[in-house]
Amino acid sequence: MAVTLAEVAARAGVSSATVSRVLNGGYPVAGGTRTRVEQAVEELGYIANAPARALAAATSDLVGVLVHDVADSFFGILAGSLQSALDPTGPGEARRLAVVCNTAGDPAAETAYLGLLEGQRAGGVVLTGGAAEDPDHTGALAVRVSRMAAAGTRVVLCGRPPLPLAPTLPVATITFDDRGGAFRLAEHLMTLGHRHIAYLAGPPGLSTTRERLAGHRAALARHDPAGSDACAALTVHAGFERSAGYDATRELLRRGRPFTAVAAANDTVATGAAAALREAGLRIPEDVSVAGFDDLPFAVDTAPALTTVRVPLREAGVLAAQLVTGRRVLPPGGITTLPTELMVRGSTAPPPAGRGRP
């Protein structure tokens, strides 16, 4: 038979209300009393009834974290940092249960998981990664998020643009300067002398893809206003996996249009691109420069080390945890933009003599 709250109270010599305060957190309880209650809980093996607690309160202690791909280092770092930062920071703060939901980048799965979290009265939800730029999905997402936020759930959008919501709702948005990072990366390649730069973009219809491609094109247009056609001919949309970078680069090589540098949508795609180039007998960076995006841990261990753009994933995870727990107040307008940083390493160099400029 399950141990009751009253039995825990009797063992600790306190009232049931005091036990409840200790278990729920957020209430001042004397240190000695808290210790007796926690010891009684341990000795009796008491397990709190989470659904009942959620019904009694406006929300539960559950925090849902939606990611595109839990096996992708980008999301793994972000979710891991966020979960670590959810740990209680003071004696009166309750521990929260983080649940990671893998959407595989499917908008329908994203909406379905939000419905499940709403049914659990989640205390917080963090949606990570690029947003699908489909008007129907954006509208449905805005309705769902608005309803959850109005019911007391704190919502954080991390790495995606804000939703069209009422400004009074407790929804925070953390964006990365993807456009500026892609601009600086392309400008770095052009400063080295590259003019034929292939670009392996992410999947179309994704906010991250749009922002990074826009930054890349803006830098090329600054140096060569008439080069938009050449940029389009050397742009291939692909997934964010290593195999996508490999296949996209092989496609570029088959087209036969010359290029001296490859800028990839992320570091994982860049490793696939590098493999395809080496397979074709090309050296990096002597024949072709290669650059990525995100600055994932393996970027410094590739040979040569990968030039990339650092996205502050760990910092974003900590900030998302602070916002979703209410430890940090919403910034003005609800939006925080975190800077990106160009990391120049050995995988980029000037193009071979005579091949840099058209």
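This is a short talk on the strands and the nonpolar cores of one predicted model.

Some ground rules. Residues are numbered from 1 along each chain as its sequence is written. Because the model is predicted, local features need pLDDT of at least 70 and side-chain atom pairs count only at pLDDT 80 or more, while totals for chains, interfaces and linings use all residues; side-chain values use heavy atoms, without hydrogens and water.

I start with strand β4, residues 154-158 (strands are DSSP runs of E, at least two residues, numbered from the N terminus). Four of its five residues are buried, so the rest of the structure largely encloses β4. Buried means under 20% relative accessible area, with a 1.4 Å probe and protein chains only.

What does β4 pair with? Strand β3, residues 124-128, pairs with β4 in the parallel sense over five bridges, and strand β5, residues 171-176, does so over four. Two strands pair if DSSP finds at least two bridges between them. Leu157 of β4 stands opposite Leu127 and also opposite Thr173 in β5.

Now Val156. Leaving aside neighbours within four places in sequence, Val156 is in contact (heavy atoms within 4.5 Å) with residues including Val125, Leu127, Ile174 and Leu323.

The largest nonpolar core has 46 residues, and Phe74, Val156 and Ile174 touch the most other members. Such a core is a set of buried Ala, Val, Leu, Ile, Met, Phe, Trp, Tyr and Cys residues joined through side-chain atoms within 4.5 Å. A second, separate core has 21 residues, including Leu252 and Phe259.

Last, an open sheet: four strands in the order β7-β6-β8-β9, with parallel pairing. Its edge strands, β7 (235-237) and β9 (289-291), each pair on one side only.

Conventions
Buried means under 20% relative accessible area, exposed over 50%, partly exposed in between (1.4 Å probe, protein chains only).
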